[in-house]
Amino acid sequence: MKKILLLFLCLCIYFLSSGKACAISLPGGLTIEKEVAIGGMASGNIVILNNDAEPVTVNIYQTDYMFYADGRSDFGKPGSTPRSNASWITYSPNQITVPPKGSASVAYQISVPNDQSLRGTYWSVIMVEPIPKAALEPPSAEKDKVAIGVQAVFRHAVQMITHIGDTGERALRFASKRLENRDGKVFLVLDVENTGERWLVPALYVDLADQSGRSLGRFEGGKLRIFPGCSVRYFVDLGALKPGGYNALVIADCGEEKLFGARYTLEVK
């Protein structure tokens, strides 16, 4: 009988920074927003802090970015979405080593084309991703054994947002609604889509009344950013409602006297 060689799978999981979530941080935040005229330019720096006692090498690269109410996020190739500004952005360097407990900067420049058809908001993402040391030293396999290295990589996505002056149509669509019951409370779940040309940050609230018209109060749904073509999901806590019918006035307040609304009849079972 032939001797059967059994292969043992050794799964070695490496985490960055000796178990810490990520060695670096970006004190300037994850949003860079610039209002630029057609043919204009803007520039700045992305500052990277190293919180570790050892140097960290960081990759810098671009992607596009779209997100949807169902939870999907799409980081596509630069320039693959209709409102990508990735081709307008130059940055340097592509890779940098940040000293221990120190900082480094990535310089960027945004050059808006001289195209009179440009309107509204354009955006993309600059990724800042540490390179784990273990990536350079893969685990070695012993004879008749298989070794697999799995590494957790944490990256920072800096949203690079360009508004063409104050141009662009502002438009929202209330795409869907439903009620959910959780722990004795009723939640109004609303999917909202930006169908315009400029980003919006709606603060959403619901004025609720019973069927007799008696007001039951105003219920806040929070504030979410929505890029054109993207959508988000709001969860509005309506509290403990008795079974029956209710009238809801939903308002999305985008500031600057830009209000969008919808009326719904709700049936709590």
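**Pocket lining, nonpolar cores and aromatic pairs**

By class, the residues that line the second largest pocket comprise eight charged, four nonpolar and one polar. The model described here is a predicted one, and in it this second largest pocket holds about 240 Å³ of space. Its lining is made up of 13 residues, of which R198, W199, L200, C254 and E256 are the closest to the centre of the pocket.

The interior of the model was examined next. The largest nonpolar core contains 37 residues, and the residues with the most contacts inside this core are F174, L204 and L238. At least two residues of the core are supplied by each of the strands β6 (66–67), β11 (120–130), β14 (172–182), β15 (185–194), β16 (203–210), β18 (231–237), β19 (244–253) and β20 (259–268). Of these, β20 gives the most to the core, with a contribution of five residues. When neighbours within four places in sequence are left aside, L238 is in contact with L179, V186, L188, V206, L208, F219 and L266. Another core, which lies apart from the largest one, has 28 residues, and L26, I60, W88 and V106 are among them.

Aromatic rings were then considered. A pair of such rings is described by the angle of the planes and the distance of the centres. Across the whole structure, a search finds six aromatic pairs. One of them is formed by W88 and Y122, a tilted pair with 5.1 Å from centre to centre and 45° between the planes. Because W88 lies in the loop between β7 (73–74) and β8 (89–92) whereas Y122 lies in strand β11, this pair ties together parts that are 34 residues apart in sequence. W88 has a relative accessible area of 9%, which is under 20%, and therefore counts as buried. Y122, with a relative accessible area of 8%, is likewise buried.

A further pair is that of W199 and F227, whose ring centres are 5.8 Å apart and whose planes meet at 25°, so that the pair is stacked. Distant parts of the chain are linked by this pair, as W199 is found in the loop between β15 and β16 and F227 in the loop between β17 (215–223) and β18, 28 residues apart. Both W199 and F227 are buried. These two residues also belong to a cluster, linked through ring pairs, that includes Y65, F67, F75 and W123. W199 thus appears in two of the settings described: among the residues closest to the centre of the second largest pocket, and in the cluster of linked rings.

Notes:
Residues numbered from 1 in each chain as written. Predicted model: local features only at pLDDT ≥ 70, side-chain atom pairs only at ≥ 80, totals over all residues. Heavy atoms only, no water. 1 Å grid on protein atoms, 1.4 Å probe; cavity = no way out; pocket = protein on both sides within 12 Å on 5 of 7 lines; lining within 4 Å. Points joined across faces, edges and corners; volume = space filled by probe spheres on them. Nonpolar A, V, L, I, M, F, W, Y, C, P; charged D, E, K, R; others polar. Core = buried A, V, L, I, M, F, W, Y, C linked by side-chain atoms within 4.5 Å. Buried < 20%, exposed > 50% of the residue type's maximum accessible area, 1.4 Å probe, protein only. Helix = DSSP H or I, 4+ residues; strand = E, 2+ residues; numbered from the N terminus. Contact = heavy atoms within 4.5 Å. Phe/Tyr/Trp six-rings, centres within 6.5 Å; stacked < 30°, edge-to-face > 60°.
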